[in-house]
Amino acid sequence: MVTLNRIYTKTGDDGTTALGTGERRPKYDLRIEAYGTVDETNAAIGVVRLHTHDMPEFDAMLGRIQNDLFDLGADLAVPEREGKAERLRVVASQVERLERDIDALNDKLAPLTSFVLPGGTPAATYLHVARTICRRAERVMVELAARPGEPVGAAGIQYMNRLSDFLFVASRAANQNGAGDVLWVPGQNR
């Protein structure tokens, strides 16, 4: 269990922050950027949930995802090192659950006839915002993983890749299962 008694510690006043290992890194470090952008995704999903009270099953999916994103932040904050005790990691079963949720939502959607523009209901619009932040988090994680000595779990990267798909499908579900989608009309304003 996590206990937070003091919110400010002043230890970051020098422009550094601590990983879960205790190691200090500059606040602009790519690992900090990775879990910070995962946190930003989580916050955007929190905004979505302001508009999902009348959809309890859908809201429950989003709540599980928010918890998973905290798991992913913890995973990223404690880089995996050989010989060290295993910490909290995102695992394949979390990715698989997300895939089942995507399939369950997608089965009810109207077929797409064009690309979808962000819009429609407030929930759908905010889901698109969360999707774009999620994609950025995934890009940062992949860049971090490409650096020597900066391990990132494969399941974490897979989770973020699936999450962006989930958020797209969820946006369509929040738009009356696609009936309220705002579709792109190529060249409409020429």
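In the predicted model described here, Thr 41 has a relative accessibility of 0% and therefore counts as buried. This residue belongs to helix α1, which covers residues 30-48. Leaving aside residues up to four places away in sequence, Thr 41 is in contact with Leu 69, Ala 130, Ile 133, Cys 134, Ala 137, Met 160 and Leu 163. For one of these partners, Ala 130, the separation along the chain is 89 residues, whereas the C-alpha atoms of Thr 41 and Ala 130 are 5.5 Å apart.

The helix that carries Thr 41 has a length that fits the expectation for its residue count: at 1.5 Å a residue, the 19 residues of α1 should span 27 Å, and the distance of 27 Å between its end C-alpha atoms agrees with this. Besides Thr 41, the buried residues of α1 are Leu 30, Arg 31, Ile 32, Ala 34, Tyr 35, Thr 37, Val 38, Asn 42, Ala 44, Ile 45 and Val 48. The cover over the buried residues of α1 includes two strands, β1 (16-18) and β2 (24-26), together with the helices α2, α4 (122-145) and α5.

These elements belong to a protein chain whose secondary structure consists of five helices and four strands, arranged along the sequence in the pattern β-β-α-α-α-β-α-α-β. The C-alpha trace of the chain spans about 50 × 40 × 30 Å along its principal axes. Of the 190 residues in the chain, 42% are buried, and the chain exposes about 10800 Å², of which carbon and sulfur atoms supply 55%. When contacts between residues at least 6 apart in sequence are considered, 71% of them join residues at least 24 apart. As to charge, the chain has 23 positive and 26 negative side chains, and the centres of these two sets lie 4 Å apart.

A second helix considered in detail is α3, which is made up of the 15 residues 92-106 and reaches 21 Å from its first C-alpha to its last, close to the 21 Å expected at 1.5 Å a residue. Its buried residues are Gln 94, Val 95, Arg 97, Leu 98, Asp 101, Ile 102 and Leu 105. Seen down the axis of α3, these buried residues fall within an arc of 160°, and they therefore line one face of the helix. Among the elements that cover the buried residues of α3 are α2 (56-77) and α5 (154-174). Asp 101, which lies in α3, has a relative accessibility of 9% and so counts as buried, since the cut-off for a buried residue is under 20%. With residues up to four places away in sequence not counted, Asp 101 touches Met 61, Arg 64 and Phe 166.

Backbone geometry is also of note in the loop between α5 and β4 (182-183), where Gln 176 is placed. Most residues other than glycine have a negative phi. Gln 176, although it is not a glycine, has a positive phi of about 50°. Asn 177 is found in the loop between α5 and β4 as well, and its phi, near 55°, is likewise a positive value in a residue other than glycine. With a relative accessible area of 30%, Asn 177 is partly exposed, because this class lies between the limit of under 20% for buried residues and that of over 50% for exposed ones.

Note on methods
Residues are numbered from 1 along each chain as its sequence is written. This is a predicted model: local features need pLDDT of at least 70, side-chain atom pairs count only at pLDDT 80 or more; totals for chains, interfaces and linings use all residues. Side-chain values use heavy atoms; hydrogens and water are left out. Buried means under 20% relative accessible area, exposed over 50%, partly exposed in between (1.4 Å probe, protein chains only). Contact means heavy atoms within 4.5 Å. Accessible areas come from the Shrake-Rupley method with a 1.4 Å probe; for residues, only the protein chains shown count as cover. Lys and Arg count as positive and Asp and Glu as negative; His and the chain ends are not counted. The place of a charge is taken as NZ of Lys, CZ of Arg, CG of Asp or CD of Glu. The expected span of a helix is 1.5 Å times one less than its number of residues. The arc is that of the directions from the helix axis to the C-beta atoms.
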